[in-house]
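Reader: Could you take me through the packing and the charge pairs of the model shown here?

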Amino acid sequence: CPSGPALLFVKTGQGKEQGRRFYACSACRDRKDCNFFQWEDEKVSETRLAAREEYNRNHQPFFTHRQNVERYKNFVLLPLSERRFCQECQQLLLPAEWEEHSDHQFLCDISTAQLKSPSQLLYPLENKKTNAQYLFADRSCQFLLELIIDLGFRRVLSVGTPRLHEIIQSKASQEEDFRVRSLLLDIDFRYSQFYTEDEFCHYNMFNHYFFGGEAARETCRKFLYQDHGERVIMVTDPPFGGLVEALASSFKKLMAMWKVTEEEGHNSQEMPTFWIFPYFFESRILEFFPSFSMMDYQVDYDNHALYKHGKTGRRQSPVRIFTNLTPSMIVLPVEEGYRFCTICQRYVSSGNQHCEICNSCTSKDGRQWKHCVLCKKCVKPSWFHCSNCNCCALQNHTCEKTDAGCFVCGKAGHKRSTCPSLSRA
């Protein structure tokens, strides 16, 4: 499909153990965004294949990356009064193209500073499951960059982190002694208007697909190979509605590209990584990367209504940094209330108190958790032990008497989304 190779899924029916397998778009979970669907055992006719290829061709970007690079070179030569950006087409315009965009909204007098910050010029694509361009707030971006520099890294593979990439690019062009370099891998092709083929690769992180083919793959490989693969870190901020399994598979393939360097010492190592994701995905991430641990630092976003730093209680940002680096190396800002726990040997948030029974700083969401003797673990402060469920839950929860029942009616054999009670209501 237009997003590259499809992924293989399983459709499960009520009461059936083995479902039928099918292919669907790797990036779009919603059929409205991409209607690609094919049963695994389906024979596809030549006519349908030809129609699909035609559809894919028609959904390719109007300009190639190379053409966009040439257009950018011509654009920066224009006087300020002739620099226009079409807001509807999300495209830098050359004077010869003004006429065909005459009835569109556009920005005039595009400055060099705006060209250096494309994430602020482009509209964020906010489909939660596909693009989800919630962009790092300046606080989080500066913290990440300072942490990367302090840890001694000199190259950043920025997978879906355009704002971190642009701050690195901007500093590199302005400060002679700034040594950090970045390569952006992103599914948003609009960034090809602002970056060369050595600075940006059109990439789908759900299926490890380089749209630019072998040339783009080689660009990434060369970037990872510099200095024999030393002092490089991958920083990734995937859409939170994305499948963890698909993301983990792609990240392992990027790590494998790094591992193929000639250095003997890399054989038993993972490429240093910061995976930025909500804390409630911790068990899923650790399932695929047992070497990772979660930091307490709250990552916040400029254009997200909820994920803001400084809020209290449940309104705090749930987004954290998962990393395979030694936790004690990740120094969190003391001025924001983080402190070092000498027993856990890592920085924790002010509300994360060390539990002597669990022998760990157990809070995940920034609030102080409490220990439940019956559950033999710490739980959220708003939870209470339920004797019916034999575990802790919210006080006004509905008791679950069956292990595999529907969340709505409690009966087995179907999920909440297909519950008969819901359709009756």
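The questions and answers below go through the nonpolar cores and then the salt bridges.

Author: This is a predicted model, in which local features need pLDDT of at least 70 and side-chain atom pairs count only at pLDDT 80 or more, while totals for chains, interfaces and linings use all residues. Residues are numbered from 1 along each chain as its sequence is written, and side-chain values use heavy atoms, with hydrogens and water left out.

Reader: Which helix gives the most residues to the largest nonpolar core?

Author: A nonpolar core is a set of buried Ala, Val, Leu, Ile, Met, Phe, Trp, Tyr and Cys residues joined through side-chain atoms within 4.5 Å, where buried means under 20% relative accessible area, exposed over 50% and partly exposed in between, with a 1.4 Å probe and protein chains only. The largest one holds 78 residues, of which Leu157, Leu164, Leu185, Leu254, Phe274 and Trp275 touch the most other members. With helices taken as DSSP runs (H or I, at least four residues) and strands likewise (E, at least two), both numbered from the N terminus, the top contributor, with nine residues, is helix H8 (residues 244-259).

Reader: Where in the chain are arginine 71 and glutamate 97, whose side chains meet in a salt bridge?

Author: A salt bridge here is a side-chain nitrogen of Lys or Arg within 4 Å of a carboxyl oxygen of Asp or Glu, and this pair meets at 2.4 Å, N to O. Both residues are buried. They link distant parts of the chain, 26 residues apart, with arginine 71 in helix H2 (residues 65-77) and glutamate 97 in the loop between strand E5 (91-93) and strand E6 (106-107).

Reader: How far apart along helix H9 are glutamate 287 and arginine 284?

Author: Glutamate 287 forms a salt bridge with arginine 284, their closest N and O atoms being 2.9 Å apart, and arginine 284 counts as partly exposed at 31% relative accessibility. Because the two are three residues apart in helix H9 (residues 282-288), their separation is about one helical turn.

Reader: What is the relative accessible area of aspartate 296?

Author: The side chain of aspartate 296 meets that of arginine 346 in a salt bridge at 3.3 Å, N to O. Arginine 346 is buried, with a relative accessible area of 13%. Aspartate 296 is buried too, and its value is 4%.

Reader: How many salt bridges does the count come to by this rule?

Author: One network of salt bridges links Glu214, Arg217, Glu218 and Arg221. By the rule, the count comes to 18.
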